[in-house]
Amino acid sequence: MKVILVGAGPGDEELITIKGLKAIKSGDVIIYDDLINKNLLKYAKEDAELIYVGKRKGKHSYKQEDINRLLVEKVKENKVVVRLKGGDPFVFGRGGEEVLYLKKHNIPYEVIPGITSAIAVPEVAGIPLTYRKISTSFTVVTGHEAEDKEEKQVKLRNLNGDTIVILMGITNLEEHVEELLKNPRRSEDTPVAIITRGTTERQKVIKGTLGNIVKKAKENSVKPPGVIVVGDVVNVLDNI
Ligand SMILES: C[S@@+](CC[C@H](N)C(=O)[O-])C[C@H]1O[C@@H](n2cnc3c(N)ncnc32)[C@H](O)[C@@H]1O
């Protein structure tokens, strides 16, 4: 018996790996997050126990410590536990913390990577994160750091990569734009895209520049979850 951390992919139910799908089919318990495509649960065994531990929709149900404990508790009941997480488990998914907890409790585990929204969401919206002669690097950052941190680790003004990808950045968009503009590599004309609910039928793409994206986001009532992409790659496939 073990815990299998599975990356569910970015939203489209077909963007899970074969290995991830096999794991879902084998699970006695599926412990899942908010951003996974719920259609994936149809592949679970008929008698599998499905436990939602997401933090959205006003139901602040499980804290991270509760989830960690639940994983251990269910394995000790002699069950195969699938921990289904959005995108990739180790990209801003607290998968690392869960693994550490399992290790401390001598619980066998496996991690199955998933397609991260950081790359797939821009890609499906027509934005390559690298492009010859235009972008030779991309930096993925969080736009929302732990509230108990004394000082922010990420200062967007210090990021010099060609393409910047911000996850969890919609709520503080205005602050992020101000920070990005403090780097001399960027200006009010630097292209920006915001993709919400990417790879799903609810996907929305808004493009603009650092100078007007805040206004555009307000006009379009942009809401999380979304990926923000900053850099010249945003329009690179539009000019053909
Ligand atoms: C807690 S992070 C988890 C990221 C996940 N582990 C991954 O690899 O994609 C959640 C953030 O991922 C981004 N995200 C996840 N799925 C998304 C989607 N379908 N469309 C847009 N953004 C998405 C949003 O920035 C969201 O706030």
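Is Thr163 buried or exposed? In this predicted model, Thr163 is buried, since its relative accessible area is 0%, a value that falls under the 20% limit for a buried residue. The residue belongs to strand β7, and its side chain reaches the side chain of Ser135 through a polar contact of 2.8 Å. Setting aside residues up to four places away in sequence, Thr163 touches Leu129, Ser135, Ser137, Phe138, Thr139, Val229, Val230 and Val233. The surroundings of this threonine are a good place to start a tour of the model, and the sheet around it comes next.

Strand β7 is part of an open sheet of five strands, arranged in the order β6-β7-β10-β8-β9 with mixed pairing. The edges are taken by β6 (138-142) and β9 (204-209); each has a single partner strand, so one side of each is left without a neighbour in the sheet. On average, and with direction ignored, neighbouring strands here are turned by 20° against each other. Within the sheet, β7 (residues 163-167) and β10 (residues 226-230) pair in the antiparallel sense, over four bridges. One position to look for in the structure is Ile166, which stands opposite Ile228 in β10. Helix α4 (residues 117-124) packs on this sheet and touches β6, β7, β8 (191-196) and β10. The direction of helix α4 makes about 75° with that of β10.

A second sheet can be followed in the same way. Five strands make up this open sheet as well, in the order β3-β2-β4-β1-β5, and here the pairing is parallel. Its edge strands are β3 (49-52) and β5 (109-112), each with a single partner strand, so one side of each is left without a neighbour in the sheet. Neighbouring strands of this sheet are turned against each other by 15° on average, direction ignored. Strand β2 (residues 29-32) runs parallel to β3, and four bridges join the two. Among the paired positions, Val29 has Glu49 in β3 as its bridge partner. Helix α2 (residues 64-76) lies across β1 (3-7), β2, β3 and β4 (81-85). Relative to β4, helix α2 runs at about 150°.

Val99 offers another residue to inspect. This valine sits in helix α3 (residues 95-104) and is buried, with a relative accessible area of 8%, which is again under the 20% limit. Apart from neighbours within four places in sequence, Val99 is in contact with Leu5, Phe90, Tyr109 and Val111. Two of these names can be placed in strands: Leu5 falls within the range of β1 (3-7), and Tyr109 begins the range of β5 (109-112). For a sense of scale, the C-alpha atoms of Val99 and Val141 are separated by 22 Å, with these positions 42 residues apart along the chain.

How does the chain divide into domains, and what lies between them? The domain assignment gives domain 1 (3-112) and domain 2 (117-235). The C-alpha centres of domain 1 and domain 2 lie 28 Å apart. Eight residues from domain 1 and 14 residues from domain 2 take part in the contact. The area buried between domain 1 and domain 2 is about 720 Å², and carbon and sulfur atoms give 74% of this area.

Key:
Residues numbered from 1 in each chain as written. Predicted model: local features only at pLDDT ≥ 70, side-chain atom pairs only at ≥ 80, totals over all residues. Heavy atoms only, no water. Pairing = 2+ DSSP bridges. Axes fitted to C-alpha atoms, helices over the stretch in contact; angles between N-to-C directions. Contact = heavy atoms within 4.5 Å. Buried < 20%, exposed > 50% of the residue type's maximum accessible area, 1.4 Å probe, protein only. Polar contact = N/O pair within 3.5 Å; in protein donor to acceptor, adjacent residues only side chain to side chain. Domains from an automatic or database assignment. Buried area = accessible area lost by both parts, 1.4 Å probe.
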